Amino acid sequence: MPISCCGDCPDPLYVGGGRRIRIYTESNAGVRTDPTTVAIALTDPSGNVATYTYAAVEITKNTTGDYYYDPSWDEAGEWSIKVTTTGAVADVWKGTIEVLA
(Lines give C-alpha, C1' and ligand atoms only; values in the text may rest on other atoms or scores of the structure.)
Protein backbone atom coordinates (compact mmCIF):
# COMPACT_ATOMS: atom_id res chain seq x y z
CA MET A 1 0.00 0.00 0.00
CA PRO A 2 2.09 2.95 -1.15
CA ILE A 3 1.26 6.18 0.65
CA SER A 4 2.67 9.53 -0.39
CA CYS A 5 3.17 12.88 1.32
CA CYS A 6 3.50 11.49 4.82
CA GLY A 7 6.75 13.14 5.77
CA ASP A 8 8.41 12.74 2.39
CA CYS A 9 7.44 16.11 0.92
CA PRO A 10 10.31 18.54 0.33
CA ASP A 11 8.68 21.64 1.85
CA PRO A 12 8.46 22.10 5.63
CA LEU A 13 5.06 21.87 7.28
CA TYR A 14 4.06 24.57 9.76
CA VAL A 15 1.21 24.70 12.30
CA GLY A 16 -1.95 25.57 10.41
CA GLY A 17 -0.39 24.58 7.08
CA GLY A 18 -1.89 22.20 4.60
CA ARG A 19 -0.43 18.75 4.04
CA ARG A 20 -2.73 16.13 2.63
CA ILE A 21 -2.33 12.49 3.58
CA ARG A 22 -2.70 10.46 0.39
CA ILE A 23 -3.46 6.75 0.44
CA TYR A 24 -2.97 4.64 -2.68
CA THR A 25 -3.99 0.99 -2.44
CA GLU A 26 -3.03 -1.72 -4.91
CA SER A 27 -3.45 -5.44 -5.34
CA ASN A 28 -0.39 -7.71 -5.28
CA ALA A 29 -0.43 -7.43 -9.08
CA GLY A 30 -0.03 -3.65 -8.85
CA VAL A 31 -3.60 -2.80 -9.89
CA ARG A 32 -5.37 0.00 -8.02
CA THR A 33 -7.93 -1.74 -5.81
CA ASP A 34 -10.38 -0.52 -3.18
CA PRO A 35 -10.02 -1.97 0.31
CA THR A 36 -13.08 -2.84 2.38
CA THR A 37 -12.20 -0.25 5.04
CA VAL A 38 -9.76 2.65 5.27
CA ALA A 39 -8.80 4.23 8.61
CA ILE A 40 -6.21 6.80 9.68
CA ALA A 41 -5.12 7.13 13.31
CA LEU A 42 -3.30 10.41 14.00
CA THR A 43 -1.41 10.91 17.23
CA ASP A 44 -0.53 14.53 17.95
CA PRO A 45 2.65 15.57 19.81
CA SER A 46 0.71 15.64 23.12
CA GLY A 47 -0.27 11.98 22.70
CA ASN A 48 -3.93 12.49 21.77
CA VAL A 49 -5.14 9.92 19.23
CA ALA A 50 -7.92 10.62 16.73
CA THR A 51 -9.18 8.06 14.22
CA TYR A 52 -10.77 8.95 10.88
CA THR A 53 -12.49 6.56 8.48
CA TYR A 54 -13.83 6.43 4.96
CA ALA A 55 -17.05 4.87 6.30
CA ALA A 56 -17.71 7.96 8.45
CA VAL A 57 -17.07 10.21 5.42
CA GLU A 58 -13.95 11.70 7.03
CA ILE A 59 -11.61 10.27 4.38
CA THR A 60 -12.36 11.17 0.76
CA LYS A 61 -12.15 8.81 -2.20
CA ASN A 62 -10.92 10.27 -5.51
CA THR A 63 -11.14 7.11 -7.56
CA THR A 64 -10.44 3.39 -7.23
CA GLY A 65 -7.56 2.89 -4.79
CA ASP A 66 -7.01 6.64 -4.27
CA TYR A 67 -8.02 8.24 -0.96
CA TYR A 68 -7.02 11.33 1.01
CA TYR A 69 -7.49 13.14 4.31
CA ASP A 70 -6.71 16.79 5.12
CA PRO A 71 -5.71 16.99 8.80
CA SER A 72 -5.66 20.12 10.91
CA TRP A 73 -2.00 20.32 11.84
CA ASP A 74 -2.65 22.43 14.94
CA GLU A 75 0.33 21.57 17.15
CA ALA A 76 4.09 21.76 16.64
CA GLY A 77 6.12 18.58 17.07
CA GLU A 78 6.17 15.04 15.74
CA TRP A 79 2.85 13.51 14.68
CA SER A 80 2.40 9.75 14.22
CA ILE A 81 0.30 8.45 11.35
CA LYS A 82 -1.10 4.92 11.10
CA VAL A 83 -3.13 3.89 8.07
CA THR A 84 -5.03 0.60 8.22
CA THR A 85 -6.92 -1.04 5.36
CA THR A 86 -8.87 -4.31 5.29
CA GLY A 87 -10.35 -6.65 2.70
CA ALA A 88 -8.73 -7.19 -0.71
CA VAL A 89 -5.96 -4.75 0.23
CA ALA A 90 -5.32 -5.53 3.91
CA ASP A 91 -2.30 -3.63 5.15
CA VAL A 92 -0.92 -1.29 7.81
CA TRP A 93 1.40 1.65 7.16
CA LYS A 94 3.04 3.75 9.89
CA GLY A 95 4.96 6.99 9.61
CA THR A 96 5.67 10.33 11.24
CA ILE A 97 5.64 13.94 10.16
CA GLU A 98 7.27 16.93 11.84
CA VAL A 99 5.17 20.07 12.20
CA LEU A 100 7.08 23.28 12.86
CA ALA A 101 5.91 26.23 14.97
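**Reading a predicted all-strand chain**

Me: Where does tryptophan 79 stand, buried or exposed, when I read its relative accessible area?

Reply: Tryptophan 79 has a relative accessible area of 5% and is therefore buried, since a residue counts as buried when that value is under 20%. Please keep in mind throughout that this is a predicted model.

Me: What is the secondary structure of the chain, and which pattern does the chain follow along the sequence?

Reply: The chain has 0 helices and 9 strands, so that reading along the sequence gives the pattern β-β-β-β-β-β-β-β-β.

Me: How does the radius of gyration of the chain stand against that of a compact globule?

Reply: The idea is to set the value for the chain beside the one expected for its number of residues. For 101 residues a compact globule would have a radius of gyration near 13 Å, and the chain, at 13 Å, agrees with this. Along the principal axes, the C-alpha trace spans about 40 × 25 × 20 Å, and 35% of the 101 residues count as buried.

Me: What share of the contacts joins residues at least 24 apart in sequence?

Reply: Taking the contacts between residues at least 6 apart in sequence, 56% join residues at least 24 apart. Aspartate 66 can serve as a case to look at: it lies in strand S7, residues 66-69, and with its neighbours within four places in sequence left aside, its contacts include Arg22, Ile23, Tyr24 and Arg32, as well as Thr60 and Lys61. Aspartate 66 counts as buried because its relative accessibility is 8%.

Me: How many positive and negative side chains does the chain have, and how far apart do the centres of the two sets lie?

Reply: There are 7 positive and 13 negative side chains, with the centres of the two sets 6 Å apart. As for the surface, the accessible area of the chain comes to about 5400 Å², and 48% of this belongs to carbon and sulfur atoms.

Me: How many aromatic pairs does the structure hold, and how do I read their geometry?

Reply: The structure holds 3 aromatic pairs, and each is read from the distance between ring centres and the angle between the planes. Tyrosine 52 and tyrosine 69 form a stacked pair, at 4.5 Å centre to centre and with 25° between the planes. This pair links distant parts of the chain, with tyrosine 52 in strand S5 and tyrosine 69 in strand S7, 17 residues apart. Tyrosine 69 counts as buried, its relative accessibility being 11%. Tryptophan 73 and tryptophan 79 also form a pair, in this case edge-to-face, at 5.1 Å centre to centre and with 80° between the planes. Tryptophan 73 is buried, with a relative accessible area of 1%, and tryptophan 79 is buried as well.

Me: Why would the phi of valine 57 catch the eye?

Reply: Most residues other than glycine have a negative phi. Valine 57, although not a glycine, has a positive phi of about 60°. Valine 57 lies in the loop between strand S5 (49-53) and strand S6 (60-63), and it counts as exposed because its relative accessibility is 72%.

Me: How far apart in space are alanine 76 and glycine 87?

Reply: Separation in sequence and separation in space are read side by side. Alanine 76 and glycine 87 are 11 residues apart in sequence and 35 Å apart in space, taken C-alpha to C-alpha. Alanine 76 sits in the loop between S7 and strand S8 (77-86) and counts as partly exposed, at 35% relative accessibility. Beyond its neighbours within four places in sequence, alanine 76 is in contact with Val15, Pro45, Val99, Leu100 and Ala101.

Note on methods: Residues numbered from 1 in each chain as written. Predicted model: local features only at pLDDT ≥ 70, side-chain atom pairs only at ≥ 80, totals over all residues. Heavy atoms only, no water. Helix = DSSP H or I, 4+ residues; strand = E, 2+ residues; numbered from the N terminus. Buried < 20%, exposed > 50% of the residue type's maximum accessible area, 1.4 Å probe, protein only. Contact = heavy atoms within 4.5 Å. Rg over C-alpha atoms; globule rule 2.2 N^0.38 Å. Areas by Shrake-Rupley, 256 points an atom, 1.4 Å probe, with all protein chains shown as cover. Lys, Arg positive; Asp, Glu negative; His and termini not counted. Charge placed at Lys NZ, Arg CZ, Asp CG, Glu CD. Phe/Tyr/Trp six-rings, centres within 6.5 Å; stacked < 30°, edge-to-face > 60°.
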